[in-house]
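Here is a briefing on one protein chain. Have the sequence and the 3D view open as you read.

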Amino acid sequence: MTGNHRNTSITRRHALAVSGGTVAAGGLALTGYQSAFADTTAQTAASASSTATSTGAACMQLMSSVTEGPYYLDGALVRKDITEGKSGVPLTLSLTVVDATDGCTPVKGAAVEIWHCDAWGYYSGYTTAGPGGSVPAESEEGDSANDNTYLRGYQIANAHGVVKFETIFPGWYIPRTCHIHVKVHTGGQKEDGTYEGGKVNYTGQLFFDDNTAEAIFALEPYAKHTGTYTKLADDMVYDGGGAASGLLTLKAVHKKDPSKGYKGSLTLGIDPDAENTGAGSGGGGTPPSGAPSDAPTGTPPSDSASPSASS
């Protein structure tokens, strides 16, 4: 696994110029997004309250920390919608942060940061790093997204410990299964549109069940990326631990039409006194000997180390 890869040339003030409220394009109906992102304040509060007061094992168990991977960048914006016009199946992601060392009380003010690849497997900031298999160049997507900031963002947890993101279902890259990266920060504050200071309490990855992923990857624009997709059981990071290892609970907006989108949810049980940046450590092990010949190619920005094929 590779350690900490940050592009220091991307400043916070430069990132402020990016618009984060654009609905994803590519033939997906606007109504699909409205349905996927719809939720009432009352429903959110009720769900969060139920989660926070739960004494179940899933709530009490600390999440398994893993490596941040090679595609992390500093300076992500605080915003709910991180799509920037990237096309794909809508995904509303609701995460509840609780203190697993104190009866699963909500961690108000925690900053949850996520980042993931687009429908073809490309990460912002690393758009020349090919995802493996057969796929068009990222530049052929024809969207208006900023190549340094799309599909990255922070949200600050409310009084119930809840954050919500509007994004798209991620694609994949060899040799990894479909996933979203996540960090939970505490003790910092919003500054210049991003989050500064404090410490990282948890670094992890969020995962999707194979059946849902395969149904989505048969749709456009995902279907333009072909090759060997890694299932959960064969992934080198997911350890089979279910929710404690980051497996999301997914609910289809329309059961018979996956293109309408999904709602994903998970409770993140953390220790607010702990620190885990995920830089060069954590679960996932080391790259397998003899990485696939069509593993990710290309290089990240010049002031960062090359991405590992395993993360």
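D143 sits in the loop that runs between β3 (111–115) and β4 (152–156). The model is a predicted one. The points below start at D143, then move to the overall build, a strand, a helix, unusual backbone geometry and internal space.

**D143 and its surroundings**

- D143 is partly exposed, because its relative accessible area is 27%, and the range for that class runs from 20% to 50%.
- Leaving out residues up to four places away in sequence, D143 touches G85 and K86.
- S87 is 56 residues from D143 in sequence. In space, the two C-alpha atoms are 7.8 Å apart.

**Overall build**

- The chain holds five helices and nine strands.
- In sequence order the pattern is α-α-α-α-β-β-β-β-β-β-β-α-β-β. Four helices thus come before the run of strands, and one more helix is placed ahead of the final two strands.
- The chain has 311 residues, and 52% of them count as buried.
- Take the contacts in the chain with a separation of 6 or more: residues 24 or more positions apart account for 82% of them.
- About 12,200 Å² of the chain is exposed. Carbon and sulfur atoms supply 49% of that area.

**L93 in strand β1**

- L93 is part of strand β1.
- Is L93 buried or exposed? L93 is buried, with a relative accessible area of 0%.
- Setting aside neighbours within four places in sequence, L93 contacts I114, V163, K164, F165, I180, L206, L248 and G264.
- The C-alpha atoms of L93 and I168 are separated by 9.3 Å. Along the chain these two residues are 75 residues apart.

**The loop between α4 and β1**

- I82 belongs to the loop between α4 and β1.
- I82 is buried, and its relative accessible area is 0%.
- I82 and E166 are 84 residues apart along the chain, yet 6.4 Å separates their C-alpha atoms.
- E84 is also found in the loop between α4 (57–60) and β1 (90–99).
- E84 is buried too, with a relative accessible area of 3%.

**Helix α5**

- Which residues of helix α5 (residues 210–217) are buried? They are D210, T212, A213, I216 and F217.
- Viewed down the axis of α5, these buried residues fall within an arc of 165°, so they line one face of the helix.
- The cover over the buried residues of α5 includes β8 (249–252) and β9 (262–270).

**Unusual backbone geometry**

- Most residues other than glycine have a negative phi, and most peptide bonds are trans. The residues and bonds that follow are worth checking against that background.
- E84 has a positive phi, near 55°, and is not a glycine.
- C104 is another residue other than glycine with a positive phi, near 60°.
- C104 lies in the loop between β1 and β2 (105–106). C104 is buried, with a relative accessible area of 0%.
- I174 and P175 are joined by a cis peptide bond, with omega about 5°. P175 is placed in the loop between β5 (162–168) and β6 (179–191).
- The peptide bond from E220 to P221 is cis as well, with omega near 0°. P221 is found in the loop between α5 and β8.

**Internal space**

- Rolling a probe the size of a water molecule over the atoms shows where empty space is left.
- How many cavities of 30 Å³ or more does a search of the whole structure find? The search finds two.
- The second largest cavity holds about 40 Å³ of space. Its lining is made up of 10 residues, and those closest to its centre are Y71, G121, Y122, Y123 and A129.
- By type, the lining of the second largest cavity divides into eight nonpolar residues, two polar and no charged.

Key: Residues numbered from 1 in each chain as written. Predicted model: local features only at pLDDT ≥ 70, side-chain atom pairs only at ≥ 80, totals over all residues. Heavy atoms only, no water. 1 Å grid on protein atoms, 1.4 Å probe; cavity = no way out; pocket = protein on both sides within 12 Å on 5 of 7 lines; lining within 4 Å. Points joined across faces, edges and corners; volume = space filled by probe spheres on them. Nonpolar A, V, L, I, M, F, W, Y, C, P; charged D, E, K, R; others polar. Buried < 20%, exposed > 50% of the residue type's maximum accessible area, 1.4 Å probe, protein only. Contact = heavy atoms within 4.5 Å. Areas by Shrake-Rupley, 256 points an atom, 1.4 Å probe, with all protein chains shown as cover. Arc of directions from axis to C-beta.
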